[in-house]
Amino acid sequence: MLECRDGYRPGRGALEAVRDRTFALQDGRYGSLVEADIQGCFDHMDPTGLLDMVRQRIDDRALLPLLRQWLQARIVDTDGQVVHPETGTPQGGTVSPVLAHVYLHWALDLWCEKVVKPHGRGEALLCRDAEDWVGAFRSQEDAERLCRVLPHRLEQCNLQVAPEKTPLRRCSRLHPRKRRCVTLLGFAFCWTPDRHGVPRVRRRTARTKLYAACQRITEWIKQHRHLPGRACFQRLHARLRGHDNYDGVRGNSRALNRFVNGAMACTFTWLNRRGGKPRSDTWGQCTHVLDRVKRVRPRMTEVARRSVFA
C-alpha cells in the first residue's frame, strides 16, 4: 500500500490528506509542481488489463468472474436506451471507484515509484486522489521530463491526460505568489507570506469549487424560501456548518466569509420576495432576525496534527 494514494482508503479522510500534504510541502524542498487530470478515467479503462492486475493479488475463482460481470454490466441511458460498454467501468456502480483505484495503482502509482523517482535528480513527492494527480519536484528538469513522459505512459494503459489541465508551475518559498498554485481535494495550495512576512503554504478553497458551492446554496434558498422562518434558518445553518466542517482550514477565512455572506445576502433577497410583496424589510431588520435565531458564523474546524512523539 503506497502512501501517495489518499482516496477510497479505509481510515483515511480527505482532510487528513490535505493536512499531510500541507506539512510535506512546507517542510520539503520542492520548487516545481505538476498537476495532472486523467481524462475519462472511468470510461476508458481496459477491462482485460484490469482483470489481469486483480489476478496478480487475488486468486479467487468466485470473485474474478463476478468482477467480469460487473465490468460487462449494461447501462441504461437517459433516453431509455441500453448501452453495452466495451471499455471502462459501469457508471454509478459501487465497485467502480475501487476498480479504478486498482487500475491506477498499477498504471501510475507503481510506475512513479519504480521509474520516475529512481531516475530523478532530486526529491519528489507524488500524491493522487482518484483521477486527480499532483507531483512536487525539487528539480525543474524532473518535472519537465515527467510532463513529456506521462502522456505516453497513460497511452499504454488506454488512458489520456487532459493537456489543458497539466500545468507546470514554479512554486516554492522563493517564489511566493497566489497565482502559482495547484489544486487537490478541492483546495488550492500556494506559497504566500504570512502576517510576519514568512513564506508558508496556504490553503484556500478552489475558485471553481467555491463558485459551485455558492450556486448550490443559492438554488437551495430559492427552492426552500416557502418554509417558515425558523425552519428555513435551521436547515440553512445545517448546510453552512457542513461547508465549514470541510473547508474550515487555517488560512481559509476569506473564502469562508465570502460563502456565508453570500448565503445571507441571498436569503435576505428571496425572503423579501416571498408572496409577491415588495421589499419592506431592511438589512438591519434582517440582521436582527439572524441574531435571534443564532446565525452561523464562519469558523475554523481543522484539528491540529498529532505529534509523532505522542
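Strands are DSSP runs of E with at least two residues, numbered from the N terminus. With that in hand, welcome to the close-up views.

**Figure 1. An overview of the predicted model.** Please keep in mind that this structure is a predicted model. The protein contains 10 helices and 10 strands. Of its 310 residues, 42% are buried. Among contacts with a separation of 6 or more, 63% join residues 24 or more positions apart.

**Figure 2. The largest pocket and its lining.** This view centres on a pocket that holds about 560 Å³ of space. Its lining is made of 25 residues, and those nearest the centre are Glu35, Val182, Thr183, Ala206 and Thr208. Strand 8 (181-184) supplies at least two lining residues, as do strand 1 (32-39), strand 5 (132-137), strand 10 (199-205) and helix 7 (207-223). The largest share, 4 residues, comes from strand 8. Sorted by class, the pocket lining has 11 charged, 10 nonpolar and 4 polar residues.

**Figure 3. The largest cavity and the residues around it.** The structure holds 3 cavities of 30 Å³ or more, and the largest cavity has a volume of about 80 Å³. Arg21, Leu25, Leu125, Cys127, Val134, Gly135, Ala136, Val182, Leu184 and Phe189 line the largest cavity. Helix 1 (14-27), strand 4, strand 5 and strand 8 are the elements that give two or more residues to this lining. Strand 5 gives the most, with 3 residues. In the cavity lining, 8 residues are nonpolar, 1 is polar and 1 is charged. If you look for Val182, you will find it in the lining of the cavity and among the residues nearest the centre of the pocket.

**Figure 4. One face of helix 4.** Helix 4 covers residues 63-71, and its buried residues are Leu64, Leu67 and Leu71. Seen down the helix axis, these buried residues lie within an arc of 55 degrees, so they line one face of helix 4. The general rule is handy here: an α-helix has 3.6 residues a turn, so residues three or four places apart point the same way. The partners that the buried residues of helix 4 pack against are helix 3 (47-55) and helix 5 (96-116).

**Figure 5. The largest nonpolar core, with Trp133 in view.** This core has 33 residues, and Leu108, Trp133 and Phe137 have the most contacts inside it. Elements that each supply at least two core residues are strand 1, helix 3, helix 4, helix 5, strand 4 (124-129), strand 5 and helix 6 (140-156). Helix 5 provides the largest share, 9 residues. Setting aside residues up to four places away in sequence, Trp133 touches Val34, Glu35, Ala36, Leu108, Cys112, Leu126, Cys127, Arg128 and Leu146. Elsewhere in the model, a second, separate core of 21 residues includes Trp220, Phe233, Phe268 and Leu271.

**Figure 6. Ser32 and its surroundings.** Ser32 is found in strand 1. Is Ser32 buried or exposed? Its relative accessible area is 1%, and buried means under 20%, so Ser32 counts as buried. Beyond its neighbours within four places in sequence, Ser32 is in contact with Gly135, Ala136, Phe137, Gln140, Ala143, Leu168, Arg169, Arg170 and Cys171. Phe137, one of these contacts, is also one of the residues with the most contacts inside the largest nonpolar core. Gly135 and Ala136, which are likewise in contact with Ser32, take part in lining the largest cavity.

Conventions
Residues are numbered from 1 along each chain as its sequence is written. This is a predicted model: local features need pLDDT of at least 70, side-chain atom pairs count only at pLDDT 80 or more; totals for chains, interfaces and linings use all residues. Side-chain values use heavy atoms; hydrogens and water are left out. On a 1 Å grid over the protein atoms alone, a cavity is a set of points where a 1.4 Å probe fits but cannot get out, and a pocket is an open set with protein on both sides within 12 Å along at least five of seven lines; lining residues have an atom within 4 Å of a point. Grid points are joined across faces, edges and corners, and a volume is the space filled by probe spheres set on the points. Ala, Val, Leu, Ile, Met, Phe, Trp, Tyr, Cys and Pro count as nonpolar, Asp, Glu, Lys and Arg as charged, and the others, Gly among them, as polar. Buried means under 20% relative accessible area, exposed over 50%, partly exposed in between (1.4 Å probe, protein chains only). The arc is that of the directions from the helix axis to the C-beta atoms. Contact means heavy atoms within 4.5 Å. A nonpolar core is a set of buried Ala, Val, Leu, Ile, Met, Phe, Trp, Tyr and Cys residues joined through side-chain atoms within 4.5 Å.
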